Structures are given as structure tokens and as C-alpha cells.
Amino acid sequence: MQDVVKAEGAVMLGSRLKRLAERLQAGAERIAADCGLPTQPSQMPLLTALHRHGPLGVGEAVDLLGISQPAVTRILARLVEIGLAETSRDDRDQRTRTIALTAQGRAVMEQATTMLWPRLRAAVAELCDIDALLAQIDAIETALAARPLDQRPRGGLRILRFSDDLAHHFHRINAQWIAEMYSLEPTDLDVLENPRERIIDPGGDILFVEDPELGIVGTCGLQKTGERQFELTKMGVLPEARGRKAGEFLLHAMIDRAFALGCDRLYLLSNAKGAAGVHLYEKAGFVHDAGIMEQFGRRYARTNVAMRYRGP
């Protein structure tokens, strides 16, 4: 059967990295046992911090390791229990605890640096270009510290589903760009003025992209035109939102939505005058298709580009 976590790509990145970490840690635990070490992989970062920096306060350990205080406290309790670490109170402030390695803890770290770490380095070097991987991890951690995942993409763009309360945005955004570039045709007006009747009720959908600063800045429809067949239609993004990748974000959401609705054939109609849009479609996996043009392109006087989705 298909590996679901692998197949979903970026959507499951956190789960896949967690799975990878569990496999790496399980292997490291077996190597540590083979080296005669009584430690678990989860304990090694705190032991290493004490080995490198000497006695530390709990807060200092939290900062050095980049994990929560409860996690440090939990690991510390186990290290004290097995005799590798000890704590003491600061004479000047009894609320402050200092953590240090015991003599046994120092011996364990000497054994780890001599026997365990060389094996781990060599083992990981067989798996990947470790310098390149660590550089990428550094870049991701730095970027997430600056702006967490929930504030991305582009400051927190998000997708909204169609509701009658949002229908006027579908009309407003599309009427604006169509009127600026071409002219509104009767078919345009019919769809824009009756989105529920023309798109939603027959089995299609309409999505919107919302910017946290600008509000709803883009929209696009999926019009069902046959059994398992959809037209990607009426996609527009407001000029003030261009450069924020709102169109690209919305387009990929629409492609995902089409296949969630059971789509086997996804196509679109456009005009070469909108070169930026055509390039965006090509980048997303749409290809020019003469058959689509012949079958559907005559519906609009302005249509001179017809494309079918083939995948990235």
C-alpha cells in the first residue's frame, strides 16, 4: 500500500520529520547500548550542554537546548535518578537550581565522545550530505523563529470556502479585472451574478484567498462541465495584492479542491493578453491543449488560450 505520509509531501512534512527522528533515535539508542552507555537519545542534549558548558541553571539549559522548561525538568529528573546529574540551590537565591554532571556523568560523556559520537557521525554520513542537510535545517529554524508556520504563507494568507455572504466578492473581484482587460460578456455576467446557481449547486465550488491586512483579495471557481470534469474559471486577484503570491496560493488550493471533488479532467480558458496568468498556469502544471480549445473555447469571444491540467 502507498505510504500516505510520504505521498502527501509538504502537507505531512512535520509528521515525516518526526517519523525520521524516531528512526534515527532508535538506531542511536541501539548504538549507545552497544557502547555500554546507560543513556537515552533524549537525554544526550542536556548531558552534552553540561559537558560543554559546565554547571547551568535550568533557564540557561532551556535557552541552550531550545526546548520547554517542563521538558528539561523531566529529562533532568531522570538523569538525577540514574546518577548522571545533580542539582544544588544557589546560596543567594534558593529558588534557583544549578545542574551539574556527577563524576559518573562525566565518565559517561567521556565514553560517549570517544565511542558513540564517532559511530553516529560515520553512520549519518552514509545516509546523506550532512553539511547540506544541517545548513537547510538551520535555515528553516531561523525562518520559523522569525515567522512561525501559522503566519505563513506571505504573512498568513488563508483559503475561505464559498458562502452567500461572500458572493459579492466573487462578483467584485472578477468584474474589475475582466472590465479592465476585456469587456464583460453575457456569459460572464450570468456566472458572476448567480454563483450559487451556476457553480455551487451543480457540483462545483468557489474559493477565496484572504490576506490578513487587505482582506479578501482573490477568488476562483470550479465549474462542473461533465462527469468528473471541471473548468477552472473566474480567477482574479486584486492589483494591490499582487506580489504576495496570493494567486499562486489560490491556484494550488483550487487544483487540490478539484481532485477532492473527484475530478479526472481539469481545464481552463484564458487569453494570451494575460501573460502573467498563463505563465502561472503553466508553472502549476497546465499545458496548452487544442482539443480543449475546440470543445470549449468558443464560449467566450476573448478566448485564445485553452489549457488542461497534466500535473507539475
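The following exercises, with worked solutions, concern nonpolar cores and one helix pair in a predicted model.

**Exercise 1.** Determine which members of the largest nonpolar core touch the most other members, and which elements give two or more residues to this core.

*Solution.* Step 1: the largest nonpolar core holds 29 residues, and those touching the most other members are L232, M235, L251, L266, Y281 and F286. Step 2: two or more residues come from each of the strands β5 (205-211), β6 (215-226), β7 (229-237), β8 (265-270) and β10 (305-309), and from the helices α11 (246-260) and α12 (275-284). Step 3: α11 supplies the largest share of this core, namely seven residues.

**Exercise 2.** List the residues that Y281 touches, leaving aside residues up to four places away in sequence.

*Solution.* Step 1: with that exclusion applied, Y281 touches L232, M235, L251, L268, S270, F286 and M307. Step 2: a second core, separate from the one treated above, has 26 residues, among them A32, L50, V62 and L76.

**Exercise 3.** Classify the relative orientation of helices α3 and α6 as roughly parallel, roughly antiparallel, roughly perpendicular or oblique, and describe their contact.

*Solution.* Step 1: the axes of α3 (residues 44-53) and α6 (residues 103-127) come within 10 Å and cross at roughly 115 degrees. Step 2: angles of 65 to 115 degrees count as roughly perpendicular, and α3 and α6 are therefore roughly perpendicular to each other. Step 3: the crossing of α3 past α6 is left-handed. Step 4: α3 contributes M44, L47, T48, H51 and R52 to the contact, while α6 contributes M109, A112, T113, L116 and W117. Step 5: sorted by class, the contact of α3 with α6 comprises six nonpolar, three polar and one charged residues.

Note on methods
Residues numbered from 1 in each chain as written. Predicted model: local features only at pLDDT ≥ 70, side-chain atom pairs only at ≥ 80, totals over all residues. Heavy atoms only, no water. Core = buried A, V, L, I, M, F, W, Y, C linked by side-chain atoms within 4.5 Å. Buried < 20%, exposed > 50% of the residue type's maximum accessible area, 1.4 Å probe, protein only. Helix = DSSP H or I, 4+ residues; strand = E, 2+ residues; numbered from the N terminus. Contact = heavy atoms within 4.5 Å. Axes fitted to C-alpha atoms, helices over the stretch in contact; angles between N-to-C directions. Parallel < 35°, antiparallel > 145°, perpendicular 65-115°, else oblique. Left-handed = near helix turned anticlockwise from the far one by under 90°. Nonpolar A, V, L, I, M, F, W, Y, C, P; charged D, E, K, R; others polar.
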